[in-house]
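Please open the model in your viewer and keep the sequence panel beside it, since each stop on this tour begins with a selection.

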Amino acid sequence: MTKKQATKRKVKDVKPTKEQESVSEQSEQEEDEDLLQAVKDPGEDSTDDEGIDQEYQSDSSEDLEFESDEEGNYLGVKENNAEESEEDGEEEEDEEGDSSEEESEDNAEAANSEEKPSGSKVVQEPKKLIGEITPRDPSKPEYADSDTSDEEDIRNTVGNIPMHWYDEYKHIGYDWDAKKIIKPPKGDQIDDFLRKIEDPNFWRTVKDPQTGQEVLLTDEDIALIKRVNSARIPNPEHNEYEPWIEWFTSEVERMPIKNVPDHKRSFLPSVSEKKKVSRMVHALKMGWMKTTEEVERAKQQKRGPKFYMLWETDTGREHMRRIHDPVSAPKRDLPGHAESYNPPPEYLFDEKETKQWLKLKDEPHKRKLHFMPQKFKSLREVPAYSRYLRERFLRCLDLYLCPRAKRVKLNIDAEYLIPKLPSPRDLQPFPTVESLVYRGHTDLVRSVSVEPKGEYIVSGSDDKTVKIWEIATGRCIRTIETDDVVRCVAWCPNAKLSIIAVATGSRLLLVNPKVGDKLIIKKTDDLLAEAPSQDVIENERIKTAVQWSTAEAAEQEKGVRVVITHFKPIRQVTWHGRGDYLATVMPEGANRSALIHQLSKRRSQIPFSKSKGLIQCVLFHPVKPCFFVATQHNIRIYDLVKQELIKKLLTNSKWISGMSIHPKGDNLLVSTYDKKMLWFDLDLSTKPYQTMRLHRNAVRSVAFHLRYPLFASGSDDQAVIVSHGMVYNDLLQNPLIVPLKKLQTHEKRDEFGVLDVNWHPVQPWIFSTGADCTIRLYT
């Protein structure tokens, strides 16, 4: 028990005298009367909130006290327990709980006329004066009882929850009356776009996530948002730079504030600094701390190249044990006797081996040894190894590029990668053997053509002759001599006419061979005898390029009927499928290199006004009115009716030598001087569908068969390769190309081999002409 509690207990234990009790009763009654004068009677007005009676009920162990500040202002009533009375005994004395019943009754009658339960006291608050400030309870928020305008504007009462919980419902929450807030109608992207175009306030319209309604922002809202985005104070009236208050003077005092002399301790070295320096010296000696020079040196080393130890993990057995199926570093082969400075005599190279070793200088990987063994008397005489750095570099590459893990090897058969092609036996018939050899020319035979019925062939040679042969017997029926080298011959594809176009020098001869049906021969002569009348006046550009004329009497006896004279040497002549049009090619003619002639009207035309390149050959489409023109690198396809370019085929080759079109007209075969054959699918792409490298030398000519799915090519390697080329009617199925037979019977003369190939119109036979002055038939 403390001293304070002991004194209080003594005061309570002392029994007061009668005089003391009377004096205390009078003082208490006076105090009660003074207090009741300031308190309003509860019976006068019960409606005012300030006059409501407040009852404080307490047990027998509790007392009520009035609190007041130092000036005497009334603060309230304080309720004290038995424990609180012990702690606050020094500030004020507690009223005794065991006082007499008479005193409590007198106090109760003076305070209130109504009967109250025993052990309780009733105190009324004083009347609140105007202008008087009521003290605030610090434990309660300042605006807890206030009502702000923001709370009035909240119409959705769901609280702070994720609004996507209402995505599957028609409403978005509940209002103050507990009614559902229905979502506003939502338009699609087209409505939003139209609103964006038509509504000038679309950019300042936002959607309220609580109610789903659209809110139009005012100018003040936009200004506030801009200030917040620019990291400025939202309130524009607030001045963040307050006026400067100079708390301390900026004027320098001329006299010091204090002028006390320095103490003697300031001249002695500091013990703490001495300990710090000693610690730094110890750290430098131990290497824990580095000097400025060492730090700079370490930075320079980091800037330079970094080197790492390759295959460093191989040295640690524990690390390698954890790797599944590891691969060790490749080791170099141990040196043999040949690498010694004094090798045995059997390891030294003789003259034959030395020549063989020096011969493989360009292919060192084929050498048995990468060095030549040498013998020295002593180790001092061994010179420096010149390939040391290269071998070290290759060794580093081996270590760097060697895989660290084993890969599963795929065992794939090579035959599985090659597409399955049908057997050549299943693709018969095709020519396999040489049947006939047509001999008679004295110089290389450049061109051969077959009659539409398949009974005769015509050939043109550099010996300035044109020979007509009978296919079945191999007999030369007629020889027509010309004035120049025969570059090309072409038999008219129309079976009702018997005409051969012969390109010799700069003249194109239309010859009647006088073989076959006599009625067809006579009809041909009648057609070529008289020139038809021309109503159209020819252009000067055409007149200077080509001239039509009837053959002279000497040439008439040979069978020549019409002569078409060109201004440049003719290289190629080709017929249209109907036999009325034919085209000629003059590579040196620039923009007039290609000419188209009409036989029935004896009229010529120049299809191109500008030069598209060095034209090599031309071709007519078998079905459509299209014209193929092959330049040195590309092939252009023109529409003769619309007179426009349809397509340009990209060959990606150095030089085109010839081309042939499939009878259906959907596929084109091109031969080039760089040993390639190109198959173009005209409906597929402008690039080759397939590139075939079957020959070892330049490919001179290619040809499609008119009836069978066959095509052939002739090259300077004296070979004629026959291939199967099936074109399906189904557009989704690609053509089938299978090489079948290589026929190599021609002889080579001056780097020339096979010059031209041509198929029989009915049988699967092929004719080839070569530099050995022969024409060969393969059946």
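## First stop: a salt bridge network

Select Glu434 and Arg776, which form a salt bridge whose closest N and O atoms are 2.9 Å apart; a salt bridge here is a side-chain nitrogen of Lys or Arg within 4 Å of a carboxyl oxygen of Asp or Glu. Glu434 lies in strand S9 (residues 434–439) and Arg776 in strand S37 (residues 774–778), so the pair ties together parts that are 342 residues apart in sequence. Helices (H or I, at least four residues) and strands (E, at least two) are DSSP runs, numbered from the N terminus.

The structure on your screen is a predicted model, in which local features need pLDDT of at least 70 and side-chain atom pairs count only at pLDDT 80 or more, while totals for chains, interfaces and linings use all residues. Residues are numbered from 1 along each chain as its sequence is written, and side-chain values use heavy atoms, with hydrogens and water left out.

Are the two partners buried or exposed? Glu434 counts as partly exposed, at 30% relative accessibility, and Arg776 counts as buried, at 6%. The word buried stands for under 20% relative accessible area, exposed for over 50%, and partly exposed for what lies in between (1.4 Å probe, protein chains only).

Now add Asp772 to the selection, and look for the salt bridge of 3.1 Å, N to O, in which its side chain meets that of Arg776. Both Asp772 and Arg776 are buried. Through salt bridges that share partners, Glu434, Asp772 and Arg776 are joined into one network.

## Second stop: another salt bridge

Move to Asp483 and Arg507, where a salt bridge has its closest N and O atoms 3.4 Å apart. Asp483 is in the loop between strand S13 (476–481) and strand S14 (486–491), whereas Arg507 is in strand S16 (residues 507–511), so this pair ties together parts that are 24 residues apart in sequence. Asp483 counts as exposed, with 60% relative accessibility. The count of salt bridges by this rule comes to 14.

## Third stop: two surface patches

Select Lys290, Lys299, Lys302, Arg303 and Lys306, which form a positive surface patch. Patches are made of residues with over 30% relative accessible area and no salt bridge, with like charges joined within 9 Å and nonpolar side chains (Val, Leu, Ile, Met, Phe, Trp, Tyr) within 5 Å. Lys and Arg count as positive and Asp and Glu as negative, while His and the chain ends are not counted; the place of a charge is taken as NZ of Lys, CZ of Arg, CG of Asp or CD of Glu. One of the patch residues, Lys299, lies in helix H9 (residues 292–303) and counts as partly exposed at 43% relative accessibility.

Next select Met280, Leu284, Met286, Trp288 and Met289, which make a nonpolar surface patch of about 530 Å², where accessible areas come from the Shrake-Rupley method with a 1.4 Å probe and, for residues, only the protein chains shown count as cover. Within this patch, Trp288 has its place in the loop between helix H8 (271–286) and H9, and with a relative accessible area of 63% Trp288 is exposed.

## Fourth stop: a side-chain contact in a helix

Which residue does the side chain of Glu391 join in a polar contact? Select Glu391 in helix H12 (residues 388–401), and then Tyr385, whose side chain is joined to that of Glu391 by a polar contact of 2.7 Å. A polar contact is a pair of N or O atoms within 3.5 Å; within protein, one must be able to donate a hydrogen and the other to accept it, and residues adjacent in sequence count only if both atoms are side-chain atoms. Glu391 counts as buried, at 18% relative accessibility.

## Last stop: the backbone

Select Gln428 and Pro429, and inspect the peptide bond from the one to the other, which is cis, with omega near 10°. Pro429 is found in the loop between helix H13 (414–417) and S9.

Then go to Asn652, which has a positive phi of about 55° although Asn652 is not a glycine. Asn652 sits in the loop between strand S26 (644–650) and strand S27 (656–661), and counts as exposed at 72% relative accessibility. Finish at Lys675, where phi is positive at about 65°, although this residue is not a glycine. Lys675 is in the loop between strand S28 (667–672) and strand S29 (677–681), and counts as partly exposed at 41% relative accessibility.
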